Each structure stands twice: as C-alpha cells, then as structure tokens.
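Please open the model in your viewer and keep the sequence panel beside it. The stops below are meant to be selected one after another.

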Amino acid sequence: MVRRLVHDEQLQVADRAAGLLLLLFAQPVGRISRLTTEHVVDRGETLALKLGRVPVEIPEPLDDLIRQLVERRNGRAATVPPEEPKWLFHSIYPGQPIDPHTLGRRLKAIGVPPQLARHASLMDIASELPAFVISRLFGFHQSTGDNWACESQGFGAGYAGEISRRL
C-alpha cells in the first residue's frame, strides 16, 4: 500500500498524503482530517509535523506531498476568511476540513482500509518503539501506547507457561 501511494501519481495528492500518514504514523482518519498548516514545521531541508508533543520528521516523498497541500488554496472558494484555520485536507465548503467519514471512504476507494491499515501500522510501530515514545511522537495517551506495546508482543512465553500450568 505504501509503495502504491508513493509512486502512483494518478492518485490525488491529498489521498496519497492521508494514506501515508495513516500507514506510516498510524494517525486516525479523524486526526488527519483536522491537520492544519499550523501543524507543519518546514525547516527547508526537512519537514516535521506536530502529531504529538514532539514534531515528527516526515520522510521523502511524503514531505513533498505535505508541502503541496500547504501551498495550495484552501477549498474551492475564491476567498476564505483570514481567521479560519488553513486545513491540509479541506472540504468542498470554504473554511471546513474534510469530513473524516468522507476521507475514510476516499482511502478505502484507493485500497487503503483505514481501520485495518491503522491497526497493522500501530502493531508494527509498537513492536519497534517504547510506549512512551509512541505516545509523545504520535499524540496518543500513554495508556494507548502501553496497550499497543502489549498487543505487539503477542502472547509470549508468559502465556505459554500459563497454558502449560493449566494442563
């Protein structure tokens, strides 16, 4: 899925970026839909995104996709009130973010089932990073990071030992 989103230029930039944020950073569709230009930290050579307390450096080519989202006009309206947030994933209505259900349907239509893809991504991330790091980088509650870290470890030796004692 990642390979397709990275290389398939026939897909819309917003769909590619949203799919990659979901697959690489396990961001829920609801959070992706509410990202604004204020979440983007462009340092010239690198680009970071404030998903949690600590900005996360965004790899290529996702950084270019996010830069394109920042640079384009918000929505289809010719003007947007200056006090409105500048949504990365805008709706067809001026000054509104895309509805999470709409974004989820768009991702599903291009072969990225949001919930399944996010859970697979979380399992992968949790198997490699401590729960504390996950919660700080991705903006999850500490208990969520702990739960995913436990899930990613599977049943392990403790489970096998418990089963053998029952027999």
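The tour goes from the whole chain to two helix pairs and then to single residues.

This is a predicted model, in which local features need pLDDT of at least 70 and side-chain atom pairs count only at pLDDT 80 or more, while totals for chains, interfaces and linings use all residues. Residues are numbered from 1 along each chain as its sequence is written, and side-chain values use heavy atoms, with hydrogens and water left out.

Begin with the whole chain, coloured by secondary structure: there are 9 helices and 3 strands, where helices (H or I, at least four residues) and strands (E, at least two) are DSSP runs numbered from the N terminus. Along the sequence the pattern reads α-α-α-β-β-β-α-α-α-α-α-α. Of the 167 residues, 40% are buried, that is, under 20% relative accessible area, against over 50% for exposed and in between for partly exposed (1.4 Å probe, protein chains only).

Next, select helix H2 (residues 13-25) together with helix H4 (residues 62-71), which pack at an angle of about 135° with their axes 9 Å apart; axes are lines fitted to C-alpha atoms, for helices over the stretch in contact, and angles run from 0 to 180 degrees between N-to-C directions. H2 and H4 are therefore oblique to each other, given that angles under 35 degrees count as roughly parallel, over 145 as roughly antiparallel, 65 to 115 as roughly perpendicular and the rest as oblique. Show side chains, and you will find residues including Leu20, Leu21 and Leu24 of H2 meeting residues of H4, among them Leu65, Ile66 and Leu69, with contact meaning heavy atoms within 4.5 Å.

Keep H2 on display and add H6, whose axis comes within 7 Å of that of H2 and crosses it at roughly 40°. That makes H2 oblique to H6. Here Leu22, Leu23, Leu24 and Phe25 in H2 meet Pro114, Ala117, Arg118, Ser121 and Ile125 in H6.

Now centre on Arg118, which lies in helix H6 (residues 114-126). Is Arg118 buried or exposed? Arg118 is buried, because its relative accessible area is 17%. Leaving aside neighbours within four places in sequence, Arg118 is in contact with Leu22, Ala26, Gln27, Pro28 and Phe140.

Finally, select Ser91, in the loop between H4 and helix H5 (100-109). Ser91 is buried, with a relative accessible area of 12%, and the side chain of Ser91 reaches the backbone nitrogen of Tyr93 at 2.9 Å.

Terms used: A polar contact is a pair of N or O atoms within 3.5 Å; within protein, one must be able to donate a hydrogen and the other to accept it, and residues adjacent in sequence count only if both atoms are side-chain atoms.
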